[in-house]
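Subject: A structure for you to look at

Hi,

Here is the structure I said I would pass on. Have it open while you read the notes underneath.

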Amino acid sequence: MATTGWVPVPEGSPFTVHNLPYGVFSLPDEEPRVGVAVGDHVLDLAPLAASEYADFAGVFTASSLNPFMALGARAWHAVRHWLTERLTDEAFRSLVEPELLPVDQVRLHLPFEVADYVDFYASEHHATRLGRLLRPNEPPLTPNWRHLPIGYHGRAGTVAVSGTPVTRPSGQHLAPGETAPSFGPSTRLDLEAEVGFVVGTPTAAGRRVSVDEVREYVFGVVLVNDWSARDLQAWEARPLGPFLGKSFRTSVSPWVVPLAALDAAAVAPPVQEPAPLPYLRGTHDFGLDLDLEVAINDQVVARPRYAHMYWTPAQMLAHLTSNGATLRTGDLLASGTVSGPGEGEYGCLMEATEGGAKPLTLADGSTRAFLEDGDVVTVRATAPAPDGGRLGFGAVTGQVRPAAP
């Protein structure tokens, strides 16, 4: 065991005291409530806070993180300090230890109630490769791509916690060589490895958030798999963009890593050319040095890095609110597929197989152009920790089930 403070943490655990991600859990026959992951335990926050008569104790009895997130950045930092002190100072051990529950004895739930969901398209490498595949006779990037973070509004109601099965969607698609569409199950089901940013602080209508204010509004970070039906998407996307090919399921990890835990992961973003308009510039803008890992049936098929992303989380937030659109507690802003410049850094099968033309070979000898029924997709990620180690996000996973009859 490697120990941080007095809490024993298994060697290699992503959940050290430098992390302290929040989630929602339940025990059998009990209501869901808020907890924090520490090693292979969940710290039950409601009784701990109540035992100290903390004025924030009530928010931890809720079945989502939304009441806590709505308290704002000052409360987030105060609670993080309170937690860190109790998990590192031996004097608090007798108070805290009874509230540590083995994680294998609890059920994890969707950690926050999703208000609105926006999916961006922030990777230049991903956008360029897809542009070449989908528009071979046109420039790969559309004229607006380097001027603003492109995105689309998804459906909050189809965001689900890791482990929720993914039913293969059905819809209209135009088969090769056909002149009229048909209706049926997607034959080009894909994964999309993404990083999501969870909004805590709401805004009033008309309030624009600047690039430098991201830490006041974004509570934390999750992993996202925004499953995509490429054949449905190709048929319906023009002229208004993604619709049913994207809205059937979006999976998120059960733990929300506080943005404050990722200070050591902050890096300078890539150089942007041309320089963005003034409202997309800031003195405290940052990218994140996150290493992602994508696996199909336990075989790693890609290792993209978030540091390569062209548009930053702060720029996505600033653009989203630039027209006066409101932020709500629980808004989810996803990055879009995380892909890097090299082979093996593809965050989706559409890129990795060149649109299905070059299938992947898995360890069992089977091949995949796109996902098959029964496939289990897992996305993990780690980030630098202040002590020189790594902290993690857990995993977001989902198994593909056959289309509904």
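Below is what turned up, starting with the aromatic rings and moving on to the pockets. One thing to keep in mind: this is a predicted model.

**Rings**

There are eleven aromatic pairs in the structure. Take Trp76 and Phe219: their rings meet edge-to-face, with 5.3 Å from centre to centre and 80° between the planes. This pair joins distant parts of the chain, since Trp76 is in helix H3 (residues 73–88) and Phe219 is in strand E16 (residues 218–225), 143 residues apart. Are these two buried or exposed? Both Trp76 and Phe219 are buried. They also belong to a cluster linked by ring pairs, along with Tyr22, Phe56, Phe60, Phe68 and Trp82.

Elsewhere, have a look at Arg86, which lies over the face of Phe92, 4.4 Å from the ring centre.

**Pockets**

The largest pocket holds about 1,100 Å³ of space. It has 39 lining residues, and those closest to its centre are Leu134, Arg135, Gln233, Ala234 and Ala237. Which helix gives the most to this lining? That would be H7, with five residues. By type, the lining of the largest pocket splits into 20 nonpolar, ten polar and nine charged residues.

The second largest pocket has about 230 Å³ of space. Its lining includes Arg129, Leu133, Tyr346 and Lys358, and H5 and helix H9 (349–352) each supply at least two of the lining residues. Here the split is five nonpolar, one polar and five charged.

Cheers

Key:
Residues numbered from 1 in each chain as written. Predicted model: local features only at pLDDT ≥ 70, side-chain atom pairs only at ≥ 80, totals over all residues. Heavy atoms only, no water. Phe/Tyr/Trp six-rings, centres within 6.5 Å; stacked < 30°, edge-to-face > 60°. Helix = DSSP H or I, 4+ residues; strand = E, 2+ residues; numbered from the N terminus. Buried < 20%, exposed > 50% of the residue type's maximum accessible area, 1.4 Å probe, protein only. Lys NZ or Arg CZ within 6 Å of the ring centre and 35° of its normal. 1 Å grid on protein atoms, 1.4 Å probe; cavity = no way out; pocket = protein on both sides within 12 Å on 5 of 7 lines; lining within 4 Å. Points joined across faces, edges and corners; volume = space filled by probe spheres on them. Nonpolar A, V, L, I, M, F, W, Y, C, P; charged D, E, K, R; others polar.
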